Amino acid sequence: MTGIGLVGAGKWGGNWLRTLAGLSDVSLRWCCDLNEGLLAKVREQFPQVPTTTSFDDMIRDPATEGIVIASIAPTHFPLAKKALEAGKHVMVEKPMTLTTVDAIELNRIASRNNRVLMVGHLMEYHPAIPAIRKLIQDGELGDVMRIESRRTNHGTLRSDENVWWSFAPHDISIAVRLMGDWPEAVQCEGQCIVQPNIADVVGGTLRFPGNRIARIDVSWHDPAKVRELKVYGTKKWVVFDDALPWERKVLIHDRGFEVNPSAPPAQRITMRQGGTKPLVLEQCEPLVIEASHFAQCIRTNSRPISDGHAGAAVVSVLEYGQRSLETGREVAIPKPEFNGPTRKAA
Ligand SMILES: NC(=O)c1ccc[n+]([C@@H]2O[C@H](COP(=O)([O-])OP(=O)(O)OC[C@H]3O[C@@H](n4cnc5c(N)ncnc54)[C@H](O)[C@@H]3O)[C@@H](O)[C@H]2O)c1
């Protein structure tokens, strides 16, 4: 049994609570929130889980090995730092921190204390993403030249972060994972429709080496909940629509263009319009996979798939994207530098 404490029992934290409480190899030691009303509801639903408004209670408990931080973004850095310094393993929700400097600092503390540092890039644990990655690694798609993702809904308007910081971490982590490369530059444009200075619609373009692009569109200003990813390879195209049933979530399209430089000009480029086939996926809730992975990394002292370095990388793209949003210009993204030992991958 791995002892885990949860901080944040809000809308998303509630999902963590149900998930952790349902894992047979996890003992949910604590649920911590500042909101007493929420904790009363937690006690009704999960009478076996002790609740507290004190983060210190939780980290003082020696049987609490790991802490899941699902409170609001500005609290991620101070709470994660305190937990790591107390010798706990940490899984912190996205965005890992509000600055790259803070994210690197968390990596340093985790490395110094030999603790697991994981970030909640949920899509990394969606069965579709490793399956699409395998298609790319097996060469089935050819060279991936373009990724397009759309993440929209008519959802909660946050006042402590804009939609770029709230939604795009998922799309940035997917783009970096599937491109297998570091983006050289980011350009964002956005609109603050409802609240002054808090963009509720943002379009971002990540430029990767070799004329490759990831286009990310995120919005709270859309009647439809859209979770769509398109991956354009030189051989095949893949469309992942998370709103569809498992059997049709990921479709592989044998489409593209054939270029024959030695043919006469009129026949040099031909369209390839082959068939479409679904990709068979393991049917499992991503949060269950993510939560089990955290517990397993604690038990085996291993590096998570979405480790602290991945978290810092995404924060850095978010930060430079924010700069672009404010200046209207494309901004180069230096790669974050890490020092210290790295642990073996899970
Ligand atoms: N991975 C995902 O797919 C995903 C999805 C949604 C939200 N999130 C992330 O999860 C986090 C929480 O989101 P939410 O929608 O549940 O927010 P929320 O506002 O509904 O809940 C946040 C909770 O944190 C509590 N809190 C704030 N400061 C605290 C502190 N210092 N100590 C203890 N509790 C504290 C609040 O009382 C509140 O109950 C955010 O970082 C968000 O970006 C991740």
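The exercises below, each with a worked solution, concern a predicted model.

**Exercise 1. Domains**

Determine which residues form domain 1 and domain 2, how far apart their centres lie, and which classes of residue domain 1 presents to domain 2.

*Solution.*
- Step 1. The domain assignment divides the protein chain into domain 1, made of 2-121 + 286-306, and domain 2, which covers 128-278.
- Step 2. Taken over C-alpha atoms, the centres of domain 1 and domain 2 are 30 Å apart.
- Step 3. At the boundary, 7 residues of domain 1 contact 6 residues of domain 2.
- Step 4. The side of domain 1 that touches domain 2 consists, by class, of 4 nonpolar, 2 polar and 1 charged residues.

**Exercise 2. The ligand shell**

State how many residues surround the ligand, and find which element supplies the largest share of the shell.

*Solution.*
- Step 1. The ligand is surrounded by 23 residues, the closest being Gly-8, Gly-10, Lys-11, Trp-12 and Ser-71.
- Step 2. Helix α1 (residues 11-21) supplies the largest share of this shell, with 3 residues.
- Step 3. Sorted by class, the shell contains 11 nonpolar, 8 polar and 4 charged residues.

**Exercise 3. Helix α1 against helix α8**

Describe the geometry of the pair α1 and α8, then list the residues that make the contact.

*Solution.*
- Step 1. The axes of α1 and helix α8 (residues 286-300) approach within 10 Å and cross at roughly 65°.
- Step 2. Because angles of 65 to 115 degrees count as roughly perpendicular, α1 is roughly perpendicular to α8.
- Step 3. The crossing of α1 with α8 is right-handed.
- Step 4. Asn-15, Thr-19 and Leu-20 of α1 make the contact with Leu-287, Val-288 and Ala-291 of α8.
- Step 5. These residues divide into 4 nonpolar, 2 polar and no charged.

**Exercise 4. Helix α4 against helix α5**

Classify the orientation of α4 relative to α5 and give the residue classes at their contact.

*Solution.*
- Step 1. Helix α4 (residues 76-85) and helix α5 (residues 100-112) have axes that come within 9 Å and cross at roughly 10°.
- Step 2. Since angles under 35 degrees count as roughly parallel, α4 is roughly parallel to α5.
- Step 3. From α4, Phe-77, Ala-80, Lys-81, Leu-84 and Glu-85 meet Asp-102, Leu-106, Ile-109 and Ala-110 in α5.
- Step 4. The contact of α4 with α5 comprises 6 nonpolar, no polar and 3 charged residues.

**Exercise 5. Helix α7 against helix α9**

Classify the orientation of α7 relative to α9, and identify the residues in contact.

*Solution.*
- Step 1. Helix α7 (residues 163-179) packs with helix α9 (residues 308-327) at an angle of about 120°, and their axes are 9 Å apart.
- Step 2. This angle makes α7 oblique to α9.
- Step 3. The handedness of the crossing of α7 and α9 is right-handed.
- Step 4. On α7 the contact involves Trp-164, Trp-165, Ala-168, Pro-169, Ile-172, Ser-173 and Val-176. On α9 the contact involves Ala-310, Ala-313, Val-314, Val-317, Leu-318, Gly-321, Gln-322 and Leu-325.
- Step 5. By class, the contact of α7 with α9 has 12 nonpolar, 3 polar and no charged residues.

**Exercise 6. Backbone exceptions**

Explain why a cis peptide bond and a positive phi outside glycine merit attention, and locate Pro-95 and Asn-197.

*Solution.*
- Step 1. Most peptide bonds are trans, and most residues other than glycine have a negative phi.
- Step 2. The bond from Lys-94 to Pro-95 is cis, with omega near -15°. Pro-95 sits in the loop between β5 (89-93) and α5.
- Step 3. Asn-197 is not a glycine, yet has a positive phi of about 65°. Asn-197 lies in the loop between β8 (185-191) and β9 (201-208).

Conventions. Residues numbered from 1 in each chain as written. Predicted model: local features only at pLDDT ≥ 70, side-chain atom pairs only at ≥ 80, totals over all residues. Domains from an automatic or database assignment. Contact = placed C-beta atoms within 7 Å. Nonpolar A, V, L, I, M, F, W, Y, C, P; charged D, E, K, R; others polar. Near = placed C-beta within 6 Å. Helix = DSSP H or I, 4+ residues; strand = E, 2+ residues; numbered from the N terminus. Axes fitted to C-alpha atoms, helices over the stretch in contact; angles between N-to-C directions. Parallel < 35°, antiparallel > 145°, perpendicular 65-115°, else oblique. Left-handed = near helix turned anticlockwise from the far one by under 90°.
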